[in-house]
Amino acid sequence: MELLIALFSGAAGGILAAAVYRALGLGFVVNAAAGVLGGLLGWQAAQTLGTDALARLLGGGDTGVIATQALAGGLGGAVVLMSFGMARRLVVK
């Protein structure tokens, strides 16, 4: 369940990052796919680093765990999309 939350929030993070900074957008489907990849990487990083302290900070219990996975997935999605967008801009030049 936590992985699904991270994947969906990663897709949302990728789409929102492309909407905020249009120059790095790669198209809706690619933005979402890059976001899903970033959500997976964010989820893996959160699992590796441990989520207990952040989950307690974000409300504790199930709410904190869900918020932690959504935050990790969303940030991961935005970072991966921006990385792909910057790489594309460097290659196109």
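## A78 and the nonpolar core

In this predicted model, A78 is in contact with G13, G14 and A17, leaving aside its neighbours within four places in sequence. A78 also belongs to the largest nonpolar core. The other members of that core are A17, A18, A34, V80 and L81, which brings it to six residues in all. Two helices, α1 (2-20) and α4 (61-92), each supply at least two residues of this core. Helix α4 gives the most, with three residues.

Nonpolar side chains tend to be buried together in soluble globular proteins.

## Overall fold

The protein has four helices and zero strands. From the N terminus on, its elements run α-α-α-α. The radius of gyration is 14 Å, close to the 12 Å that the globule rule gives for 93 residues, so the protein is as compact as a globular protein of that length. Along its principal axes, the C-alpha trace spans about 45 × 20 × 20 Å.

Of the 93 residues, 35% count as buried. Take the contacts with a separation of 6 or more: residues 24 or more positions apart account for 76% of them.

## Helix α1

Helix α1 has 19 residues, which should span 27 Å at 1.5 Å a residue. Its end C-alpha atoms are 26 Å apart, which agrees. The buried residues of α1 are I5, A6, S9, G10, A11, G13, G14, A17 and A18. What covers them includes α2 and α4.

Two of these residues also appear in the largest nonpolar core, namely A17 and A18.

## S9, a buried serine

S9 sits in helix α1. Its relative accessibility is 14%, so it counts as buried, the cut-off being under 20%. Which backbone oxygens does the side chain of S9 reach? One belongs to A6: that oxygen lies 3.2 Å from a polar atom of the S9 side chain. The other belongs to A70, which the side chain of S9 also reaches at 3.2 Å.

Leaving aside neighbours within four places in sequence, S9 is in contact with Q69, A70, G73 and G74. A70 therefore appears twice for S9: as a contact residue and as the owner of a backbone oxygen within reach of the side chain, at a distance under the 3.5 Å limit for a polar contact.

## G10, a glycine contact point

G10 is also placed in helix α1. At 0% relative accessibility, G10 counts as buried. Not counting residues up to four places away in sequence, G10 touches G35, V36, G39, G73, G74 and G77. G73 and G74 are thus shared with S9, as both are on its contact list too.

How far apart in space are G10 and G38? They are 28 residues apart in sequence, and their C-alpha atoms are 5.8 Å apart.

## Helix α2 and its two sides

Helix α2 covers residues 28-49, 22 residues in total. It reaches 31 Å from its first C-alpha to its last, close to the 32 Å expected at 1.5 Å a residue. Its buried residues are N31, A32, A34, G35, G38, G39, G42 and A46. They cover an arc of only 160° around the axis, which puts them on the same side of α2. An α-helix has 3.6 residues a turn, so residues three or four places apart point the same way.

The buried residues of α2 pack against α1 and α4. On the other side of α2, V29 and T48 are exposed. Just after the helix, G50 takes a positive phi of about 95°.

## N31, a buried asparagine

N31 lies in helix α2. Is N31 buried or exposed? N31 is buried, with a relative accessible area of 7%. Not counting residues up to four places away in sequence, N31 touches G14, I15, A18, G25, L26 and L81. Among these partners, A18 and L81 are members of the largest nonpolar core.

## D52 and helix α3

D52 is placed in helix α3, which covers residues 52-57. At 57% relative accessibility, D52 counts as exposed. D52 and L41 are 11 residues apart along the chain, and their C-alpha atoms are separated by 18 Å.

Technical notes: Residues are numbered from 1 along each chain as its sequence is written. This is a predicted model: local features need pLDDT of at least 70, side-chain atom pairs count only at pLDDT 80 or more; totals for chains, interfaces and linings use all residues. Side-chain values use heavy atoms; hydrogens and water are left out. A nonpolar core is a set of buried Ala, Val, Leu, Ile, Met, Phe, Trp, Tyr and Cys residues joined through side-chain atoms within 4.5 Å. Buried means under 20% relative accessible area, exposed over 50%, partly exposed in between (1.4 Å probe, protein chains only). Contact means heavy atoms within 4.5 Å. The expected span of a helix is 1.5 Å times one less than its number of residues. The arc is that of the directions from the helix axis to the C-beta atoms. A polar contact is a pair of N or O atoms within 3.5 Å; within protein, one must be able to donate a hydrogen and the other to accept it, and residues adjacent in sequence count only if both atoms are side-chain atoms. The radius of gyration is taken over C-alpha atoms; the globule rule is 2.2 Å times the number of residues to the power 0.38.
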